[in-house]
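The exercises below concern cysteines, one helix, one polar residue and charged pairs. Work through each task with the sequence and the model in view before reading its solution.

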Amino acid sequence: MLRSCTGLRSLWALRGRREGAPRLSTDLPPAPVSPGSRAAKMGRKRLFSTEKVIHKDWSLPNPSWSKDFKLLFDQFMKKCEDGSWERLPSYKHRSTQKSEDFKTYFLEPKLVKEERVSQVQLFTRGFEDGLGFEYVIFSNNDEKRTVCLFQGGPYLQGIPGFLHGGAMATMIDTALGSCAAIPGGTVMTANLNINFKRPVPICSVVVINSQLDKLEGRKLFLSCNVRSVDEKTLYSEATGLFIKLDPEKSLT
């Protein structure tokens, strides 16, 4: 049974760049109004406050990032300069248009509670800076692989001083899903197997290297490993099976 949809975040990012997906209404220029009018002032205020909430790219550096994290980020941004690598933006909220697209193709309308739509946000971006999942994903489309830089905050603790295994599993699923979305588009996790080798210290930085191993029809087989920044410590290894969704078939 399909169990999660972590690959969708990267799909929306990739789709927006490659297919010219509609932007949010707040991206559009405001309707003409008198410069000094109350409507103009309120419009600018609403636009500014909305963009602060919806359009913040959470994959960019913030003060909570450690020195190692920032250094790795800078190194991969350098790799992006020749076009071989690409940083995937990450937002807390998805646009209304993209949400509607997904519901139209894959979800029964009667199961959607419209009053809850405004509360929807990405699970891994539900914490304040530095407290939870701090990560950025870089994608190499030609090689069908991704690198995720991850720093787990204090709200993700399991046994004292170390990340909860479920938090690490979440990031592995996120990283593999992002990699699967490169050739697969809209994908969902069908199977995830993780071998935990060592616990990850709280607030440390790890590197999750993911790659596509095999593609069979709508099935995508992937693998990844989680290592320390110096690559000397192997924390986890994982394999995953992802399924490319069929727009002709509902998920419910």
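**Exercise 1.** Determine how many disulfides the structure holds, and why Cys148 is in none.

*Solution.* A search of the whole structure finds 0 disulfides, a disulfide being a pair of cysteine sulfur atoms within 2.5 Å. The closest cysteine sulfur to that of Cys148 belongs to Cys224 and lies 9.4 Å away, which is too far for a bond. Cys179 is likewise in no disulfide, its nearest cysteine sulfur, that of Cys224, being 9.2 Å away. Cys148 is buried at a relative accessible area of 0%, and Cys179 is buried at 1% (buried means under 20% relative accessible area, exposed over 50%, partly exposed in between, with a 1.4 Å probe and protein chains only).

This is a predicted model, in which local features need pLDDT of at least 70 and side-chain atom pairs count only at pLDDT 80 or more, while totals for chains, interfaces and linings use all residues. Residues are numbered from 1 along each chain as its sequence is written, and side-chain values use heavy atoms, with hydrogens and water left out.

**Exercise 2.** Establish which residues of helix 3 are buried, and what they pack against.

*Solution.* Helices (H or I, at least four residues) and strands (E, at least two) are DSSP runs numbered from the N terminus. The buried residues of helix 3 are Phe69, Leu72, Phe73, Phe76 and Cys80. They lie on the same side of the helix, because they cover an arc of only 105 degrees around its axis, the arc being taken over the directions from the helix axis to the C-beta atoms. These buried residues pack against strand 1 (86-88), strand 2 (133-140), strand 3 (145-152) and strand 5 (205-216), where contact means heavy atoms within 4.5 Å. On the other side of helix 3, Lys67 and Lys78 are exposed.

**Exercise 3.** Decide whether Gln151 is buried or exposed, and find what its side chain reaches.

*Solution.* Gln151, which is found in strand 3, is buried, with a relative accessible area of 5%. Its side chain reaches the backbone nitrogen of Ser66 at 3.1 Å.

**Exercise 4.** Locate the parts of the chain that the salt bridge between Lys56 and Asp129 links.

*Solution.* The structure holds 6 salt bridges, each a side-chain nitrogen of Lys or Arg within 4 Å of a carboxyl oxygen of Asp or Glu. In one of them, the closest N and O atoms of Lys56 and Asp129 are 3.3 Å apart. The pair links distant parts of the chain, 73 residues apart, with Lys56 in the loop between helix 2 (38-54) and helix 3 and Asp129 in the loop between helix 4 (96-106) and strand 2.

Definitions and conventions:
Polar contact = N/O pair within 3.5 Å; in protein donor to acceptor, adjacent residues only side chain to side chain.
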